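Biologist: I'm new to these terms. Let's go through them one at a time, each with its cut-off.

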Amino acid sequence: MAKIILTGDRPTGRLHIGHYVGSLKHRVQLQNSGRFDQIFIMIADAQALTDNWDNPEKIRQNVLEVALDYLSVGIDPEKTTILVQSMIPELTELTFYYMNLVTLSRLERNPTVKSEIQMRNFETSIPVGFLTYPISQTADITAFNATTVPAGEDQSPMVEQAREIVRKFNSLYGETLTEPEIMLPDNKASMRLPGTDGKAKMSKSLGNCIYLSDTEEDVKKKVMSMYTDPNHIKVSDPGQIEGNTVFTYLDAFCKDEYFAEYLPDYQNLDELKEHYRRGGLGDVKVKKFLNKVLQEELAPIRARRREFEKDIPYVYEVLKKGTEKAEETAAQTLLRVKRAMKINYFEDEALIRSQVEKYQK
Ligand code: TRP
């Protein structure tokens, strides 16, 4: 069986370094590993509208921003098909048929949807479009016959929902759809980065993100004001590494060679941590080092972004081509689905013939 990846993002903002260590970096590795027959990355604008219906302009702007971020981290349109969800009507059609296979209570039990409903204060009036987006996401996954969905832990309930729908569809209508599997990040290669303020998650609304598209000065400013160990007041005080955002970021980005270049008093991160724990190492020194590390990591991404920014029509062309290519696959899946469900009346000559006979008697 062909190994096919589908994954995606909601275009609600520019992507940040949390996305980078949590998923983008991994996607580029998967893309370049040669282990997959096809890779689709979806800009899930229709899904983003399920909780941003009142602000389509935001989504419209961010479709391009996300595309620029993809290209700048090394997603290569020659190897990966980048597509825009809303431009593929077959996905909506699949969603409508899958809706018959899911109960309301099953949707309401989905832990990710549940917590998102809480976060958005939707409890008293849940928009139907929002509640049903896991079904639409199943259409996304199955339309491209995805075997593999690289995503974070929070997407497990979505992939589980997709697997249930696939099994139900196949048992009702015959083997038609591919059952996907989630591919979770292994915790060394990718991790969830906290915000610069030490809060569990980077989020635009909290203003604690470092964006892939931030300028050198922005990054520096954000690093120098980062949350560290609040009890590490004097340089001589012993410091704590756990929960110390500066060290969490170093865990994610630092390589030994950066020490030789920028902080030759230490061989590696373990030595630096040891000194910090012992006392006598100031936050400013560690932050300056982190800034160097981040600048090294982000400079090539930023430079590539600048190049693509000079040719925005090209970026739209990439999206258009990818979407067209993806739609061919989605259309084939929809045809298989309709045949399996026996809603392919006009192409079914046997059906027409049998009814002719029925009424000739
Ligand atoms: N729900 C995903 C998120 O919030 C985005 C997404 C949409 C997605 N369609 C997908 C992820 C299909 C994986 C597969 O990040």
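Modeller: A residue is near a molecule or strand if one of its heavy atoms lies within 4 Å of it. This is a predicted model: local features need pLDDT of at least 70, side-chain atom pairs count only at pLDDT 80 or more, and totals for chains, interfaces and linings use all residues. Residues are numbered from 1 along each chain as its sequence is written, and side-chain values use heavy atoms, with hydrogens and water left out.

Biologist: Which residues surround the ligand?

Modeller: Leu-6, Thr-7, Gly-8, Arg-10, Ala-44, Gln-47, Gln-137, Asp-140, Val-149 and Gln-155.

Biologist: How do those shell residues divide into nonpolar, polar and charged?

Modeller: Three are nonpolar, five are polar and two are charged. Ala, Val, Leu, Ile, Met, Phe, Trp, Tyr, Cys and Pro count as nonpolar; Asp, Glu, Lys and Arg count as charged; the others, Gly among them, count as polar.

Biologist: What makes Gln-47 a polar partner of the ligand?

Modeller: A polar contact is a pair of N or O atoms within 3.5 Å; within protein, one must be able to donate a hydrogen and the other to accept it, and residues adjacent in sequence count only if both atoms are side-chain atoms. A polar side-chain atom of Gln-47 lies 2.7 Å from a ligand nitrogen, so the pair falls within the limit. Asp-140 also has a polar side-chain atom by a ligand nitrogen, at 3.1 Å. Arg-10 has one 3.3 Å from a ligand oxygen.

Biologist: How much of the ligand does the protein cover?

Modeller: On its own, the ligand has 370 Å² of accessible area, and the protein covers 89% of that. Such areas come from the Shrake-Rupley method with a 1.4 Å probe; for residues, only the protein chains shown count as cover.

Biologist: Which elements give two or more residues to the shell around the ligand?

Modeller: Strand E1 (4-9) and helix H8 (133-143). E1 gives the most, with three residues. Helices (H or I, at least four residues) and strands (E, at least two) are DSSP runs, numbered from the N terminus. The whole chain has 16 helices and five strands.

Biologist: Why is Cys-209 called buried?

Modeller: Buried means under 20% relative accessible area, exposed means over 50%, and partly exposed lies in between (1.4 Å probe, protein chains only). Cys-209 has 3%, so it is buried. Cys-254, at 18%, is buried too.

Biologist: How many disulfides does the structure hold?

Modeller: Zero. A disulfide is a pair of cysteine sulfur atoms within 2.5 Å.

Biologist: What makes Lys-342 exposed or buried?

Modeller: Lys-342 has a relative accessible area of 65%, so it is exposed. Lys-342 sits in the loop between helix H15 (312-340) and helix H16 (349-360). Its phi is near 60 degrees, a positive value in a residue other than glycine.

Biologist: And why does Ala-2 get its label?

Modeller: Its relative accessible area is 37%, so Ala-2 is partly exposed. Ala-2 lies in the segment before E1. Leaving out residues up to four places away in sequence, Ala-2 touches Asp-37 and Thr-147. Contact means heavy atoms within 4.5 Å.

Biologist: Why is Thr-228 called buried?

Modeller: Its relative accessibility is 11%, so Thr-228 is buried. Thr-228 is placed in the loop between helix H10 (216-224) and H11. The side chains of Thr-228 and Asp-283 share a polar contact of 2.7 Å.

Biologist: How many of the residues of helix H11 (residues 245-253) are buried?

Modeller: Eight of its nine residues are buried, and the helix is mostly covered. Among them are Phe-247, Leu-250 and Phe-253. The cover includes helix H1 (17-33), helix H12 (256-262), helix H13 (269-278) and helix H14 (283-309).

Biologist: What makes Asn-145 buried or exposed?

Modeller: Asn-145 has a relative accessible area of 17%, so it is buried. Its place is the loop between H8 and strand E4 (148-150). Its phi is near 55 degrees, a positive value in a residue other than glycine. Thr-178 has Asn-145 among its contacts. With 16%, Thr-178 is buried as well.

Biologist: What share of the chain do buried residues make up?

Modeller: They make up 50% of its 361 residues.
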